[in-house]
Structure formats: C-alpha cells, structure tokens
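Here are a few friendly notes to read alongside the model. Please keep the structure open as you go through them.

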Amino acid sequence: MTALRATLTLVRVKRKFHATLLEHEEGVSVSCPELPGCHSQGASVEEALENIEDAIRGYIDLYGDPETRCEIREMEVVTA
C-alpha cells in the first residue's frame with residue numbers, strides 16, 4: 001500500500017488597499033478606509049506606511065476579508 005502525501009499549497013493574493021495620511025507635528029497618522037478601525041502612525045510617511053501594512057495584515061488575519069467594498073472618491077471643495 002502506498003502512502004499518499006497531501007501537500008499544502010499556500011496561495012498569496014495581492015490586494016490593493018487605500019491609505020489616507022495626515023501629516024502633523026507629532027508625525028504621520030494613517031488609516032485604511034476599507035477596514036473600519038484600521039489605523040496606525042509613524043514618525044515619517046515611510047514608517048507610517050510600513051505600520052499600516054502590518055495593521056492591514058493583522059486586521060485580515062483577525063477579521064478576514066471584508067465582505068463590503070468601500071468606494072473611494074475624491075472631491076474638490078472651494079472655501080472662502
């Protein structure tokens with residue numbers, strides 16, 4: 001009798017997420033609007049983006065892929 005070996009193949013899926021950045025005196029705040037409550041920060045833009053990438057991975061590990069899609073739109077507002 002031949003023993004069969006099952007091999008586990010991990011498939012990595014690339015997915016794009018939007019990140020909003022807000023630069024201020026303390027550094028850079030960053031959030032991912034598609035994932036409610038997914039926020040981070042960093043001393044620089046580069047650090048903030050690295051941190052939000054970790055936060056997104058953690059969010060997906062904990063909650064799974066979001067079932068709803070978030071539509072991102074840009075708008076221009078003229079102020080006085």
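The numbered points below go through the helix, the core, a polar contact and an aromatic pair.

1. *Ground rules.* This is a predicted model, in which local features need pLDDT of at least 70 and side-chain atom pairs count only at pLDDT 80 or more, while totals for chains, interfaces and linings use all residues. Residues are numbered from 1 along each chain as its sequence is written, and side-chain values use heavy atoms, with hydrogens and water left out.

2. *Helix H1.* Helices (H or I, at least four residues) and strands (E, at least two) are DSSP runs, numbered from the N terminus. The 19 residues of H1 should span 27 Å (1.5 Å times one less than the number of residues), and its end C-alpha atoms lie 26 Å apart, which agrees. Just after H1, Gly64 has a positive phi of about 80 degrees.

3. *Two sides of H1.* Ala48, Ile52, Ile56 and Tyr59 are the buried residues of the helix (buried is under 20% relative accessible area, exposed over 50%, partly exposed in between, with a 1.4 Å probe and protein chains only). Down the axis of H1 they fall within an arc of 80 degrees, taken from the directions from the axis to the C-beta atoms, so they line one face. The face turned away carries exposed Glu46, Glu50, Asp54 and Asp61. Strands E2 and E3 (39–42) are among what covers the buried residues.

4. *The core.* The largest nonpolar core (buried Ala, Val, Leu, Ile, Met, Phe, Trp, Tyr and Cys joined through side-chain atoms within 4.5 Å) has nine residues: Val28, Val30, Cys32, Leu35, Cys38, Ala48, Ile52, Ile56 and Tyr59. Strand E2 (27–31) and H1 are the elements that give two or more residues to this core, and H1 gives the most, with four.

5. *Ser31.* This residue of strand E2 is buried, at 16% relative accessible area. Its side chain makes a polar contact of 2.7 Å with that of Thr20 (a pair of N or O atoms within 3.5 Å; within protein, one must be able to donate a hydrogen and the other to accept it, and residues adjacent in sequence count only if both atoms are side-chain atoms).

6. *The aromatic pair.* How many aromatic pairs does a search of the whole structure find? There is one: the ring centres of Tyr59 and Tyr63 are 4.8 Å apart and the planes are at 50 degrees, so the pair is tilted (Phe, Tyr and Trp rings, the latter by its six-membered ring, pair if centres lie within 6.5 Å; under 30 degrees is stacked, over 60 edge-to-face, the rest tilted). Tyr59 is buried at 16%, whereas Tyr63 is exposed at 59%.

Technical notes:
Contact = heavy atoms within 4.5 Å.
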